[in-house]
Amino acid sequence: MNFNDQQIIPAARTIKQFDEILNSRFEYIVLLEVHISSLMSIKREADRNGKKLIIHADLIHGLKTDNFAADFLCNDIRPAGIISTRSNMLIKAKSRGIIAIQRVFLIDTIALEKSFSMIESAKPDYIELLPGIIPSMISEVHQRTKIPVITGGLVRTVESIEEALSSGAVAITTSNKELWENFQKYC
């Protein structure tokens, strides 16, 4: 499962960005920072346009990341995927056949080791490493977990994307429209 070979996954921070992505050739899109009241209509619009929505649960305004929120996302919204730092959210997503993506912040060795422990319990489908500009960590995390790695955060150049992909990332998330446009021709 590699997002149908889509190497760039555009991330929408705003409704305007979401609308721009709807008119793109990208199939998978990440939704960041919207209000919970907008989720149902955004999901319907994504479906109407043949897009597979990946929701970053931790960034949805008005949504806790507890088990009730996990039930709401998995049962009512039913996105293609959920990104979260919370194991409970990912375990629920996996149990409902929704792609589970564990977000990991590369802050220091202690944080990384704690993340490995969480990954072991949640067993996500993918790991998203942030920031996405540390290629050596992509291969290290993949080798240790045997889970495909997505990367994002501070990815600002085509060269950074190419370096992440050549280091083993299966995809890169970015809210940078110029990078979407540069890679859209490969969709």
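Among contacts in the protein between residues at least 6 apart in sequence, 51% connect residues at least 24 apart. These values belong to a predicted model. The chain is built with eight helices and eight strands.

The overall dimensions may be considered next. Along its principal axes, the C-alpha trace spans about 40 × 40 × 25 Å. For a protein of 187 residues, a compact globule would have a radius of gyration near 16 Å; the value here is 15 Å, which agrees with that expectation.

The division between interior and surface follows. Of the 187 residues, 51% count as buried, a class that requires under 20% relative accessible area. The protein exposes about 9000 Å², and carbon and sulfur atoms supply 50% of this area. As for charge, the protein carries 22 positive and 22 negative charges, and the mean positions of the two sets lie 5 Å apart.

Strand β4, which comprises residues 81–84, shows burial at the level of a single element. In a regular strand, side chains alternate between the two faces of the sheet. In β4 both faces are covered: G81 and I83 are buried on one side, and I82 and S84 are buried on the other.

The pairing of this strand completes the account. Strand β3, formed by residues 52–56, pairs with β4 in the parallel sense, and three bridges join the two. Within this arrangement, I55 stands opposite I82 in β4. I82 is thus a residue to locate in both descriptions: it is buried on one side of β4 together with S84, and it faces I55 across the strands.

Methods. Residues are numbered from 1 along each chain as its sequence is written. This is a predicted model: local features need pLDDT of at least 70, side-chain atom pairs count only at pLDDT 80 or more; totals for chains, interfaces and linings use all residues. Side-chain values use heavy atoms; hydrogens and water are left out. Helices (H or I, at least four residues) and strands (E, at least two) are DSSP runs, numbered from the N terminus. The radius of gyration is taken over C-alpha atoms; the globule rule is 2.2 Å times the number of residues to the power 0.38. Buried means under 20% relative accessible area, exposed over 50%, partly exposed in between (1.4 Å probe, protein chains only). Contact means heavy atoms within 4.5 Å. Accessible areas come from the Shrake-Rupley method with a 1.4 Å probe; for residues, only the protein chains shown count as cover. Lys and Arg count as positive and Asp and Glu as negative; His and the chain ends are not counted. The place of a charge is taken as NZ of Lys, CZ of Arg, CG of Asp or CD of Glu. Two strands pair if DSSP finds at least two bridges between them.
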